[in-house]
Amino acid sequence: MGLLNFPVNIPIRIDGRYKLQEPIGSGSYGAVYKATNLISRRVYAVKLEPHSGGASTIEQEYHILKQLKGQPGVVRAHWFGRELNFNAIVLDLLGPSLQDILAQRKTLSPSIVHHLGDQLLSQIQYIHSNSYIHGDIKPQNILVGLGDQAITPYLIDFGVSKQYRNSATGDHIPFRHARRSHMIGTPIFASINSHLGAELSQRDDLESLVYVLIYFMRGSLPWLQVDRRTRKNSKSSALNMKQTTPVEALCCGFPAEMSTILIYTRMLSFSETPDYDYIRSLLMSLQNDSLSPADILSLIRDELRLPNSHASTHNDPKSLCGGEAQFCGSPLKKRVTNCPPPPPTPAHL
């Protein structure tokens, strides 16, 4: 879509410097466009949100990103303001989302999932250290960088993020229950406590991260399959299956440590500070000890890009992993193999 196809009320320029190009994404907040800086000729991303006169989610995102700036995996925010009837934020342009990549590749190998998990865990720990929780960790909100940052995952979209403690005093927010209809996040990857309407804290970001990592390796989740069949009642069906699917079934075929991580995150109390180093040590089980660092880097670069007809084949993950990309991990490490069956789909679905 070019400029001639833009809705008539969309501004052509932002802050006089950024000329909008084609749209590259959308969501409940509005839309994201490519934009060229007319002075430097650099390309950026511009997120537009209709100005309603109320609280602006992208203004909140701008202030959070300014507070988090400087950390690897945190996108840089350059400008925020109002143009015509829109709030606008100018961000560094990033590459595809991991959902886009997974849609083409179906699964990611455990070695790549370890790379992603380790970096995302560090980013979440950094966000938490600044008194914020992300609140909506999912593959669509994880993008890879461009150029020399092409193997770096970036957590984006802080529109539902909130402070879980007072940054001045360090006091944790009190626990409370809201109505289930006020669930924060995306049902497929939200924590059980989020489904139940509980106030979110650090534990919920980590439980969502585990679901995302399992999703990368499996290519699906049991409650996602139910949701795709029924196309309805997604929140209740996802909650029911998260509560009834045995952890061993969910992590079947993966190192036993993945089950341990999920159990650990679910057992954290509301105000408890997670042991990030403990989780990081368990993620090490996904590494493939038979691959050299150079092979692992090649594998990462190959998998974290959208496949195309001109892609090189000498770094094919299947060739590096003995012909089975899905379970390319640590062949000598104990895996969960005695897997209980998943629960039946609820009859009312």
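Me: I'd like to learn how to read strand pairing. Which residue in S6 is the bridge partner of Lys 47?

Reply: In S6, Lys 47 has Ile 89 as its bridge partner. Keep in mind as we go that this is a predicted model. That pair belongs to a set of seven bridges that join S4 to S6, and the two strands run antiparallel. S4 covers residues 43-50 and S6 covers residues 86-92.

Me: How many bridges join S5 and S6, and which residues stand opposite each other there?

Reply: S5 and S6 pair over six bridges, in the antiparallel sense. Glu 83 stands opposite Phe 86 in S6, and Trp 79 stands opposite Val 90 in S6. Two residues lie between the strands in this hairpin, and Leu 84 takes a positive phi near 55° there.

Me: What is the order of the strands in the whole sheet?

Reply: The general idea first: in a regular strand the side chains alternate between the two faces of the sheet. Here, six strands form an open sheet in the order S1-S2-S3-S4-S6-S5, with antiparallel pairing. Strand S1 (13-14) and strand S5 (77-83) are the edge strands, each pairing on one side only. Elsewhere in the sheet, seven bridges join S2 (residues 18-27) to S3 (residues 30-37), and these strands run antiparallel. You can look for Ser 26, which stands opposite Ala 31 in S3.

Me: Which helix lies across the sheet strands S4, S5 and S6?

Reply: That is helix H1, residues 57-68, and it runs at about 155° to S5. As for S6, this strand is mostly covered, with six of its seven residues buried.

Me: You mentioned a positive phi. How should I read that, and where is Arg 41 placed?

Reply: Most residues other than glycine have a negative phi, and most peptide bonds are trans. Arg 41 is not a glycine, yet it has a positive phi of about 70°. Its place is in the loop between S3 and S4. Arg 41 is exposed, with a relative accessible area of 54%.

Me: And Asp 157: is it buried or exposed?

Reply: Asp 157 is buried, because its relative accessible area is 18% and buried means under 20%. Asp 157 also has a positive phi, of about 65°, although it is not a glycine. You will find Asp 157 in the loop between strand S9 (153-155) and strand S10 (162-163).

Me: Let me try one inside a helix. Why does Gln 99 count as buried?

Reply: Gln 99 counts as buried because its relative accessibility is 18%. Its place is in helix H2, residues 98-105. Leaving out residues up to four places away in sequence, Gln 99 touches Pro 139, Gln 140 and Tyr 215.

Me: Now for empty space. What is the volume of the largest pocket, and which residues are closest to its centre?

Reply: Rolling a probe the size of a water molecule over the atoms shows where empty space is left. In this model the largest pocket has a volume of about 860 Å³. It is lined by 32 residues, and the closest to its centre are Tyr 29, Val 32, Gln 140, Asn 141 and Ile 156. S2, S3, S4, H1 and S6 are the elements that give two or more residues to this lining. The largest share comes from S2, with four residues. By class, the lining has 13 nonpolar, eleven polar and eight charged residues.

Me: How many cavities of 30 Å³ or more does a search of the whole structure find?

Reply: The search finds two. About 70 Å³ of space lies in the largest cavity. Of the 14 residues that line this largest cavity, the closest to its centre are Gly 135, Ile 184, Ala 190, Ser 191 and Ser 208. Helix H5 (residues 202-218) gives the largest share of that lining, three residues. The lining of the largest cavity divides into five nonpolar, six polar and three charged residues.

Me: Which elements supply the lining of the second largest cavity?

Reply: H5, helix H9 (256-267) and helix H10 (276-283) each supply at least two residues. H5 gives the most, with four residues. The second largest cavity holds about 40 Å³ of space, and the residues that line it include Leu 206, Ile 261, Thr 265 and Leu 283. By class, this lining has seven nonpolar residues, one polar and no charged.

Conventions:
Residues numbered from 1 in each chain as written. Predicted model: local features only at pLDDT ≥ 70, side-chain atom pairs only at ≥ 80, totals over all residues. Heavy atoms only, no water. Pairing = 2+ DSSP bridges. Contact = heavy atoms within 4.5 Å. Axes fitted to C-alpha atoms, helices over the stretch in contact; angles between N-to-C directions. Buried < 20%, exposed > 50% of the residue type's maximum accessible area, 1.4 Å probe, protein only. 1 Å grid on protein atoms, 1.4 Å probe; cavity = no way out; pocket = protein on both sides within 12 Å on 5 of 7 lines; lining within 4 Å. Points joined across faces, edges and corners; volume = space filled by probe spheres on them. Nonpolar A, V, L, I, M, F, W, Y, C, P; charged D, E, K, R; others polar.
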